[in-house]
Amino acid sequence: MGQITADQSQAVMATLMQNTRWSEIDFVECGLQDGVIRNAEEAGYQFALFLKNGGRVNAGSAITSRSLCGVKETALLRPVATGVASGGGDLDEVTFFRSRAGGIWVSPSFREKFGSTFRKSRASDRKYVASELKQSANDTVIRADLPGAHLSKLGDIARFIKVQRGGKKGILLNNGLANIFYVEDENGQVFAVNFRWNSAVRTWFVVVWKLGEHGDWNAGNQVLCPSNAVL
């Protein structure tokens with residue numbers, strides 16, 4: 001057994017370069033900026049594992065653990081997408097979080113709970129990570145698996161909805177499953193906020209729950225939080 005030669009390494013890289021389906025890879029969604037370019041040492045380690053396994057993904061190796069923007073896969077949550085709460089100009093949350101036909105339905109309890117915190121918010125360019133629930137779990141269990149600083153801003157959430165209402169691809173599920181955010185009210189109490197798309201009436205439904213009130217959130221739903229900490 002000998003060390004790979006320069007010619008052999010170049011042949012391997014050329015083969016991969018020419019035969020990778022680059023059109024199927026989304027640079028942002030796959031987290032390649034943070035996962036490869038800015039984390040070269042770890043990327044090289046993972047690529048070496050891939051090569052040591054004959055150019056195949058080994059289900060028993062670390063290469064199968066998903067990590068996006070520093071948010072790592074756990075036994076409960078699997079990071080699946082990233083997005084930025086961008087958008088030009090101010091956003092009037094009072095106007096946005098108001099029910100209107102063919103767009104959004106906001107539960108009265110949501111406006112009652114957060115109405116006093118509504119404001120004109122600026123685009124933050126804050127990056128969020130969406131993680132799929134791999135098994136059913138309640139709020140207490142889910143939050144224990146999230147970063148310490150995992151609370152979301154209503155203005156950021158509104159911008160994600162606004163993007164997808166405009167027909168663009170976003171990070172929110174639009175298949176009837178729940179998008180779960182954790183939001184703090186003016187008194188410092190945390191609530192679970194559920195955004196769910198109803199394709200029959202083409203409307204986003206927005207509901208707020210006390211922690212634990214919903215019971216278990218089903219596997220397949222997704223939890224979103226800012227990517228400012230590591231799980």
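Student: Which residue is the bridge partner of Y128 in β11?

Tutor: In general, strands of a sheet pair through backbone hydrogen bonds, and the pairing is either parallel or antiparallel. Here Y128 has P226 as its bridge partner in β11. Keep in mind that this is a predicted model. A bit further along, A130 stands opposite L224 in β11. Both pairs fit into the wider pattern: β7 (residues 127–133) and β11 (residues 222–226) run antiparallel and share five bridges.

Student: And which residue stands opposite S131 in β7?

Tutor: That one is P79. It belongs to the pairing of β3 with β7, again in the antiparallel sense, over seven bridges.

Student: What is the strand order of the open sheet?

Tutor: Read it across: β3-β7-β11-β8-β9-β10-β5, seven strands with mixed pairing. β3 (77–84) and β5 (104–106) are the edge strands; each has a single partner, so one side of each has no neighbour in the sheet. On average, neighbouring strands are turned by 25° against each other, ignoring direction.

Student: Is β7 mostly covered or mostly open?

Tutor: Mostly covered, since buried means under 20% relative accessible area and five of the seven residues in β7 are buried. For the chain as a whole, 34% of the 231 residues count as buried.

Student: What is D156 in contact with, once its neighbours within four places in sequence are left aside?

Tutor: A contact list shows what packs around a residue from elsewhere in the chain. For D156, that list is A85, S124, R126 and Y128. So we're back at Y128: its C-alpha atom is 9.1 Å from that of D156, with the two positions 28 residues apart along the chain. D156 lies in helix α7 (residues 154–165), and it counts as buried because its relative accessibility is 3%.

Student: How many salt bridges does a search of the whole structure find?

Tutor: Five. Take R78 and E132, whose side chains meet at 2.9 Å, N to O. R78 is in strand β3 and E132 in strand β7, so this pair ties together parts 54 residues apart in sequence. R78 is partly exposed at 29% relative accessibility, and E132 is partly exposed too, at 27%.

Student: Which residue forms a salt bridge with E73?

Tutor: K134, with the closest N and O atoms 2.9 Å apart. E73 sits in the loop between β2 (71–72) and β3, while K134 sits in the loop between β7 and α6 (139–144), 61 residues away along the chain.

Student: Is D185, the partner of K113, buried or exposed?

Tutor: D185 counts as buried, at 6% relative accessibility, whereas K113 is partly exposed at 29%. Their closest N and O atoms are 4.0 Å apart. K113 comes from helix α5 (residues 108–114) and D185 from the loop between β8 (178–184) and β9 (190–198), with 72 residues separating them in sequence.

Student: What share of the contacts join residues at least 24 apart?

Tutor: Counting contacts between residues at least 6 apart in sequence, 72% do.

Student: Last one: which residues make the nonpolar surface patch?

Tutor: I4, V12, M13, F47 and L51, and together they make about 410 Å². Helices α1 (6–19) and α3 (40–52) are the elements that give two or more residues to that patch. M13, for instance, is in α1 and is partly exposed, with a relative accessible area of 44%. As for the whole chain, about 13100 Å² is exposed, and carbon and sulfur atoms supply 50% of that.

Methods. Residues are numbered from 1 along each chain as its sequence is written. This is a predicted model: local features need pLDDT of at least 70, side-chain atom pairs count only at pLDDT 80 or more; totals for chains, interfaces and linings use all residues. Side-chain values use heavy atoms; hydrogens and water are left out. Patches are made of residues with over 30% relative accessible area and no salt bridge: like charges are joined within 9 Å, nonpolar side chains (Val, Leu, Ile, Met, Phe, Trp, Tyr) within 5 Å. Accessible areas come from the Shrake-Rupley method with a 1.4 Å probe; for residues, only the protein chains shown count as cover. Helices (H or I, at least four residues) and strands (E, at least two) are DSSP runs, numbered from the N terminus. Buried means under 20% relative accessible area, exposed over 50%, partly exposed in between (1.4 Å probe, protein chains only). Two strands pair if DSSP finds at least two bridges between them. Axes are lines fitted to C-alpha atoms, for helices over the stretch in contact, and angles run from 0 to 180 degrees between N-to-C directions. Contact means heavy atoms within 4.5 Å.
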